[in-house]
Amino acid sequence: MPIHVSGFVSVLGRPNAGKSTLVNQLVGVKVAIVADKPQTTRTIIQGVLTRPGSQIVFLDTPGIHPAESQINRRMMKSIQEALDSRDLLIFVHDSTRPLSDADAHALALLKKASTPAILALNKIDRLKSRSALAPLLEGFRNRFDFEEYFPISASTGEGCPELLDAITARLPKGPAFFPGDYLTDSPERFIVAETVREKILLHTREEVPHSVAVLVDQWEEKPAITRVAATIYVERRGQKTIIVGAKGAMIKQIGAEARLELEALLGRRFFLELFVKVQPGWRENPAFLRELDWRAVYGAAAPIETTADQPIILAPPEDDPGAPQ
Ligand SMILES: Nc1nc2c(ncn2[C@@H]2O[C@H](COP(=O)(O)OP(=O)(O)OP(=O)(O)O)[C@@H](O)[C@H]2O)c(=O)[nH]1
Ligand SMILES: [Mg+2]
């Protein structure tokens, strides 16, 4: 029997470093939303890669940042969870940026975990010359004892096969935790809400991205279509005006983009109805934050009532008449 390895690998780093892009690249499917705004990821996102002889459970995390508000404290709690008793850590750094005090703070967190860590110097496709990597690497080496380092581009995939081989080589012997087609524990409800939020992040700037939360209110499976109603929460009236747009043009665009992506990912037709509500101070509201946290709402042993709660995304069935062409 060939040896089988498996393990939990947490992907950590500063906001916007490219952690979610990397997890999507390594898993080969978009499990986490990506945006050019910091603090895109707000909770742990699981992405599972199963290959012959190995299964890797990647845990994408929120960017490491000062926890000033309730929501930020919750995000830092997820980071702590991702640091506890894992097999390996991947620290992702945007190599177009120099080392800063904030990076030193992030590395101090890693040190406490005393788990082996690999450094991924990301976004090398944006470097004019590789010579910029040497001083950066030197700086990291002076601050943390990484096992290995890899220059990569999570966007283009450059360096990622080598990183994946190094990860696999460091995993302990063990059986697969999940079936071979299992990709994530994210319920479809959460995937829908996150996809809508991603489209909003792509179209807005300044304080709007931080002020947006999305919750699915209704979910109805029909034979030919899944009907979903979701509410976009913002903190101020002006933000609602931005998201709705002139004559509702912006919200229409957000809805259309989210729907197209969801249909391709989940392999069936969606009808998506979006509402926008002003909910001042939701980022400091523990009851609301709990509602946003699907793990807190469903729990590990939550009853599965509709396919919306099923934690497995399967590839689109080939003979599904509802699948987009
Ligand atoms: N050029 C280039 N851009 C990248 C690369 N990796 C990520 N990006 C971009 O960097 C931005 C941030 O990427 P994310 O994957 O959302 O970063 P993150 O570390 O998950 O960010 P948070 O969730 O906010 O902490 C996005 O615009 C990505 O497209 C890369 O290798 N090259
Ligand atoms: Mg992210």
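A residue is counted as surrounding a molecule when one of its heavy atoms lies within 4 Å of that molecule. The structure considered here is a predicted model, and ligand 1 offers a suitable point of entry. By that criterion, 23 residues surround ligand 1. The closest of these residues are Lys19, Thr21, Gln39, Thr40 and Asp125.

The character of this shell may be described next. Its residues comprise 11 polar, 6 nonpolar and 6 charged ones. Among the elements of the chain, helix H1, which spans residues 19-27, makes the greatest contribution to the shell, supplying 3 residues. As to its location, ligand 1 occupies the second largest pocket.

Several polar approaches to the ligand can then be followed in turn. A polar backbone atom of Ala35 lies 3.3 Å from an oxygen atom of ligand 1, and a polar backbone atom of Gly63 lies 3.2 Å from an oxygen atom of the ligand. With Asn122 the side chain is involved: one of its N or O atoms is 3.1 Å from an oxygen atom of ligand 1. On its own, ligand 1 has 660 Å² of accessible area, of which the protein covers 89%.

Attention may now pass from the ligand to the structure as a whole, in which a search finds 21 salt bridges. One of them joins Glu261 to Lys30, with the closest N and O atoms 2.9 Å apart. This pair connects distant parts of the chain, as the two residues are separated by 231 residues. Glu261 belongs to helix H8 (residues 249-266), whereas Lys30 is found in the loop between H1 and strand E2 (45-51).

Conventions. Residues numbered from 1 in each chain as written. Chains lettered and ligands numbered in written order. Predicted model: local features only at pLDDT ≥ 70, side-chain atom pairs only at ≥ 80, totals over all residues. Heavy atoms only, no water. Polar contact = N/O pair within 3.5 Å; in protein donor to acceptor, adjacent residues only side chain to side chain. Areas by Shrake-Rupley, 256 points an atom, 1.4 Å probe, with all protein chains shown as cover. 1 Å grid on protein atoms, 1.4 Å probe; cavity = no way out; pocket = protein on both sides within 12 Å on 5 of 7 lines; lining within 4 Å. Sits in = over half its atoms within 2 Å of the grid points. Helix = DSSP H or I, 4+ residues; strand = E, 2+ residues; numbered from the N terminus. Nonpolar A, V, L, I, M, F, W, Y, C, P; charged D, E, K, R; others polar. Salt bridge = Lys/Arg side-chain N within 4 Å of Asp/Glu carboxyl O.
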